[in-house]
Structure formats: C-alpha cells, structure tokens
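Colleague: Got a minute to go through this one with me? I'd like to hear the reasoning behind each label.

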Amino acid sequence: MNSSLKGKLALAFLLVFVAGAATGAFLGLHHLTHHIILGPPHSGDVPDKMREHFRRALGLTAEQESKIAPIIDATSAKLETIRVETAERVRTVMEESKKEIAPLLTPEQQKKLEKLDSEHRKMMYHHGFLPPPPKDNPPPP
C-alpha cells in the first residue's frame with residue numbers, strides 16, 4: 001500500500017469517527033435536555049401531547065379527533081388538579097422535614113441548608129413545577 005492510499009484511508013477513518021462523535025453528542029444532548037433536565041412535559045403540554053399520541057398510535061380520523069378532544073381536555077384538567085394537589089402535599093412534607101432538621105444543624109449548616117433550599121426553589125420555579133410566587137414575594141432570580 002502506498003503512502004497516498006494510507007493517508008486517504010486515515011482521513012476516511014477520521015471523518016467517520018468525527019461524524020459518529022458529532023451524532024452521538026447531538027443525540028446525547030437531545031436526550032439529556034428533553035428527558036433528564038427538562039423532565040416530563042409541562043402541564044400545559046399534556047392535552048396536545050395526548051392528542052398527538054392518540055392520533056398517531058390509533059390512526060384517528062378528523063371526526064374521531066374532534067369527538068375525543070373534550071374528553072382529553074377534561075382528563076387534562078383532572079390531571080392538572082391532581083398534579084397541583086400532589087405538589088402542594090410534597091412541598092408541605094418537605095417543609096416539615098426541613099423544620100425538624102434545621103435545629104439539629106450548626107448555624108453554618110443551617111445557612112447551607114437555606115442555600116440548598118433556595119437553589120432548589122429556583123430550579124423548580126424555572127421548570128414550571130412551582131406556582132407563581134405571591135404578589136408580595138417576587139420570583140427567585
């Protein structure tokens with residue numbers, strides 16, 4: 001094999017490697033952002049996602065879609081109520097546990113706990129999992 005052919009083969013292997021790495025990075029980033037960081041769809045997305053899923057999976061006609069639309073809307077509203085109630089219950093339990101834990105910590109640890117709580121609230125608010133803050137309490141930065 002001459003050196004020109006070896007160079008071309010090395011370049012071809014390098015291009016295949018780069019293309020594979022770019023594809024892997026893109027798919028990994030897509031999975032990370034849509035399934036891990038952003039989590040499940042926000043409650044406002046649920047009816048549209050349900051409609052699209054049923055339309056594709058069941059091959060619904062336009063008439064069937066229009067007939068099931070009110071059912072999907074009602075289901076979505078019920079699910080939103082459950083989500084809000086559950087989130088409030090979780091918040092209450094977490095606040096109670098924080099109140100029990102805080103006195104057992106040093107003042108420095110209590111400050112760290114407050115910082116962790118603040119960061120967690122910002123993240124939850126940013127991703128739409130916390131309700132809007134009260135009017136007298138502005139949203140976290």
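What follows is a chat about how the labels on this predicted model were reached.

Colleague: Let's start broad. What makes up the secondary structure of the protein?

Modeller: Four helices and zero strands. Reading from the N terminus, that gives α-α-α-α. Buried residues come to 8% of the 141 residues, and the protein exposes about 11,400 Å², with carbon and sulfur atoms supplying 67% of that.

Colleague: How do you know that α3 has the length expected of a helix?

Modeller: You set the expected span against the model. With 40 residues at 1.5 Å a residue, α3 should span 58 Å, and its end C-alpha atoms are 56 Å apart, so the two agree. The same kind of check works for α2: its 13 residues should span 18 Å, the end C-alpha atoms are 17 Å apart, and so that agrees as well.

Colleague: Where does α3 bend?

Modeller: At Ile-68, by about 35°, and a proline, Pro-70, follows within four residues. That angle is taken between axes fitted to the seven residues ending at the bend and the seven starting there.

Colleague: And which residues of α3 are buried, and what do they pack against?

Modeller: The buried ones are Ala-69, Ile-72, Ser-76, Ala-87 and Lys-98. They pack against α2 (46-58) and α4. While we're at α2, Gly-59 comes just after that helix and takes a positive phi of about 65°.

Colleague: Why is Asp-117 called buried?

Modeller: Buried means under 20% relative accessible area. Asp-117 has 19%, so the label is buried. This residue is found in helix α4 and touches Glu-95 and Lys-98, leaving aside residues up to four places away in sequence.

Colleague: What about Lys-115 and Glu-119: why do they get their exposure labels?

Modeller: Exposed means over 50%, and partly exposed sits between the two cut-offs. Lys-115 has a relative accessible area of 53%, so it is exposed. Glu-119 has 42%, so it is partly exposed.

Colleague: How do you know that Glu-119 and Lys-115 form a salt bridge?

Modeller: The rule asks for a side-chain nitrogen of Lys or Arg within 4 Å of a carboxyl oxygen of Asp or Glu. The N to O distance for Glu-119 and Lys-115 is 4.0 Å, and the pair counts as a salt bridge. Both lie in helix α4, four residues apart, about one turn of the helix. An α-helix has 3.6 residues a turn, so residues three or four places apart point the same way.

Colleague: What separates Arg-91 and Glu-88 in helix α3?

Modeller: About one helical turn, because they are three residues apart in α3 (residues 62-101). Their side chains meet in a salt bridge at 3.2 Å, N to O. Glu-88 is partly exposed, with a relative accessible area of 41%.

Colleague: What makes the salt bridge between Arg-121 and Glu-95 a link between parts of the chain?

Modeller: Those side chains meet at 2.6 Å, N to O. Arg-121 lies in helix α4 (residues 107-126) and Glu-95 in helix α3, so the pair ties together parts that are 26 residues apart in sequence. Both are partly exposed, Arg-121 at 31% relative accessibility and Glu-95 at 25%.

Colleague: Which residues are linked with them in a network of salt bridges?

Modeller: The network takes in Glu-95, Lys-98, Glu-114, Asp-117 and Arg-121. Glu-114 lies in helix α4 and is partly exposed at 43%. The structure holds 13 salt bridges.

Colleague: Last one. Why is Leu-15 called exposed?

Modeller: Its relative accessible area is 55%, and the cut-off for exposed is over 50%, so Leu-15 is exposed. Leu-15 has its place in helix α1 (residues 3-37).

Colleague: What makes up the nonpolar patch that Leu-15 belongs to?

Modeller: Leu-11, Leu-14, Leu-15, Phe-17 and Val-18 form that patch on the surface, with about 520 Å² of accessible area together. Patch members need over 30% relative accessible area and no salt bridge, and Leu-15 is over that cut-off at 55%.

Key
Residues numbered from 1 in each chain as written. Predicted model: local features only at pLDDT ≥ 70, side-chain atom pairs only at ≥ 80, totals over all residues. Heavy atoms only, no water. Helix = DSSP H or I, 4+ residues; strand = E, 2+ residues; numbered from the N terminus. Buried < 20%, exposed > 50% of the residue type's maximum accessible area, 1.4 Å probe, protein only. Areas by Shrake-Rupley, 256 points an atom, 1.4 Å probe, with all protein chains shown as cover. Expected span 1.5 Å × (residues − 1). Contact = heavy atoms within 4.5 Å. Patch = residues over 30% accessible without salt bridge, like charges linked within 9 Å, V, L, I, M, F, W, Y side chains within 5 Å.
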